[in-house]
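Welcome to the tour! Open your viewer, get your mouse ready, and follow along one selection at a time.

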Amino acid sequence: MASSTAPSVKDRVDRFFEITKRGSTFGGEIRGGLVTFVAMAYIVILNPIILSGGVDVDGNSLDFAQLSAVTALTAGVMTILFGLVARLPFAFAAGLGINSFLAFSVVGQVTWAEAMGLVVINGLFIVLLAATGLRRLIFEAVPIQLKIGITVGIGLFIAFIGLVNAGFATSTGQASPPVGLGVDGSVATIPTLIFVITLLLGGVLVARRVKGALLIAILVGTVLAVITELIWPVGASNGGENPGGWSLTVPALPTQVFSAPDLGLIGAFNFGAFERIGVLAALMLVFTLVFTNFFDAMGTMTGLSKEARVADENGNFPRIKSALIVEGVGAVAGGATSSSSATVFVESGAGIGEGARTGLANIVTGVLFILAMFLTPLTSIVPSEVASAALVLVGAMMMVQIKDIAWSDFSVIFPVFLTIAIMPFTFSIANGIGAGFIAWVVLRALSGKAREISPLLWIVALGFVVYFARGPIEMLFA
């Protein structure tokens with residue numbers, strides 16, 4: 001009688017996440033998860049900076065320390081949940097577009113609790129669209145050429161984020177040119193110099209196919225940043241008051257490692273916005289949130305799935321319905337914790353570039369985010385200038401997809417070009433997708449190819465027309 005050996009825990013984990021099947025390894029997943037966390041850790045500081053800076057209609061603001069704790073908690077829980085359900089290496093955190101919209105537009109009309117209630121409604125609506133299959137139908141209705149354009153556009157967007165966060169590309173404060181090189185055309189500041197060194201080191205390591213290239217570059221860059229700050233202290237930039245300073249965190253060994261999190265913001269939301277500003281005005285705010293959330297996430301998932309090589313020839317990826325539902329849950333969770341809508345982060349591409357292919361990388365990233373609630377002083381060691389180098393390198397990797405665009409057909413080229421260009425130029429994935437969708441429908445229809453356009457794409461394009469014109473529409477009904 002043949003004896004059968006029960007599969008080990010490692011074998012079960014391998015089969016569950018399909019690690020070997022996707023050509024990955026446990027080491028690659030762990031490294032990828034760690035790199036993704038390092039690339040995203042800035043959100044634990046940046047999200048509180050943005051949200052705490054917004055004063056609501058009653059003159060109240062949110063507490064920075066509480067925001068930091070719930071930002072880390074929500075990112076950790078949603079990242080782990082997505083890893084277990086969708087089994088893909090797409091990490092979650094508070095979406096930067098939505099948190100800025102809340103802090104600088106929404107809370108001028110409602111309280112913070114009411115604004116977060118609108119975020120919860122936005123998330124519930126997205127979950128409903130995903131659960132009914134409509135969100136997947138819209139996703140699949142997008143032509144493969146536009147999906148490729150979205151991937152390339154996100155690559156440029158990621159790179160632009162990195163260049164801006166590193167101080168390599170800065171606002172001139174003038175009408176023309178709006179963006180310039182470094183400070184007064186110079187990149188001679190110490191933080192930007194550290195970024196350049198980290199970027200070049202990472203580029204060499206990636207070119208030489210060194211395992212852990214991005215992680216090594218980040219670690220070396222951080223050590224170099226701490227040493228240079230000790231020798232030539234430049235301090236913080238303080239919002240531009242000190243142009244040569246570090247943008248978010250000053251690299252230094254922390255005086256303390258542990259800090260207890262304050263989770264007092266959990267559950268601090270309500271649905272009073274409809275009574276305060278009226279049903280129509282509140283619905284327009286929800287509409288804006290849904291469109292931004294829906295298409296930012298769709299675009300990011302498209303780009304990351306192709307970069308991770310888990311997408312099929314049409315750009316669709318495994319467990320797409322579950323992934324879209326969980327993404328909607330992230331919006332609900334973000335509203336319920338007052339940390340703003342949690343969504344898929346483009347910085348996940350850093351971990352994918354390091355080898356992450358499965359949800360196991362998400363488990364690593366998620367656990368580190370939860371630990372970050374207690375280790376906030378430690379997570380702030382890595383300056384954003386160093387983490388930004390990884391983003392630029394990932395952006396370069398994602399540009400490879402541009403070779404698959406059908407360059408011979410201008411009715412394809414122009415919408416794809418708009419998608420790619422408008423994402424970084426307007427600092428919005430949703431804007432790039434919207435411009436591409438509208439241009440695709442118009443050019444293809446008037447080029448005699450209307451029958452090739454999915455009816456859903458017509459509807460979505462029309463929705464984007466409303467989205468782009470929402471300002472005048474709100475004024476009209478006001």
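**First stop: a hidden threonine**

Select Thr300: with a relative accessibility of 2%, this residue counts as buried, because buried means under 20%. Please keep in mind that you are exploring a predicted model.

Now show what surrounds Thr300. Setting aside neighbours within four places in sequence, Thr300 has contacts with Ile154, Val344, Phe345, Val346 and Ile429. Colour those five and look at how they sit around the threonine.

**Next: the helix and the core**

Which helix holds Thr300? Thr300 belongs to helix H12, so select residues 279–307 to light up that helix.

Now for the largest nonpolar core, a set of 117 residues. Helix H12 contributes the most to this core, giving 11 residues. To find the members with the most contacts inside the core, select Phe82, Leu102, Phe295, Ile433 and Phe437.

Stay with Phe295 for a moment. Not counting residues up to four places away in sequence, Phe295 touches Ile138, Ile429, Ala430, Ile433, Phe437, Val460 and Phe464. You have met Ile429 before: it was also among the contacts of Thr300.

**Then: an arginine that is partly exposed**

Jump to Arg136, in helix H7, and select residues 134–141 to see that helix. Is Arg136 buried or exposed, or something in between? Its relative accessibility is 35%, so Arg136 counts as partly exposed.

Ask for the contacts of Arg136 and, leaving out residues up to four places away in sequence, you will find Ile320, Lys321 and Leu324. Try a distance tool as well: from C-alpha to C-alpha, Arg136 and Pro89 are 19 Å apart in space, with their positions 47 residues apart in sequence.

**Last stop: zoom out**

Show the whole protein chain as a cartoon, and you will have 21 helices and four strands on screen. The radius of gyration is 22 Å, close to the 23 Å that the globule rule gives for 478 residues, so the chain is as compact as a globular protein of that length. Along its principal axes, the C-alpha trace spans about 75 × 60 × 50 Å.

Switch to a surface view. The chain exposes about 19,700 Å², and carbon and sulfur atoms supply 67% of that area. Of the 478 residues, 54% count as buried.

Finally, colour by charge: the mean positions of the 24 positive and 26 negative charges lie 15 Å apart.

Methods:
Residues numbered from 1 in each chain as written. Predicted model: local features only at pLDDT ≥ 70, side-chain atom pairs only at ≥ 80, totals over all residues. Heavy atoms only, no water. Helix = DSSP H or I, 4+ residues; strand = E, 2+ residues; numbered from the N terminus. Rg over C-alpha atoms; globule rule 2.2 N^0.38 Å. Buried < 20%, exposed > 50% of the residue type's maximum accessible area, 1.4 Å probe, protein only. Areas by Shrake-Rupley, 256 points an atom, 1.4 Å probe, with all protein chains shown as cover. Lys, Arg positive; Asp, Glu negative; His and termini not counted. Charge placed at Lys NZ, Arg CZ, Asp CG, Glu CD. Core = buried A, V, L, I, M, F, W, Y, C linked by side-chain atoms within 4.5 Å. Contact = heavy atoms within 4.5 Å.
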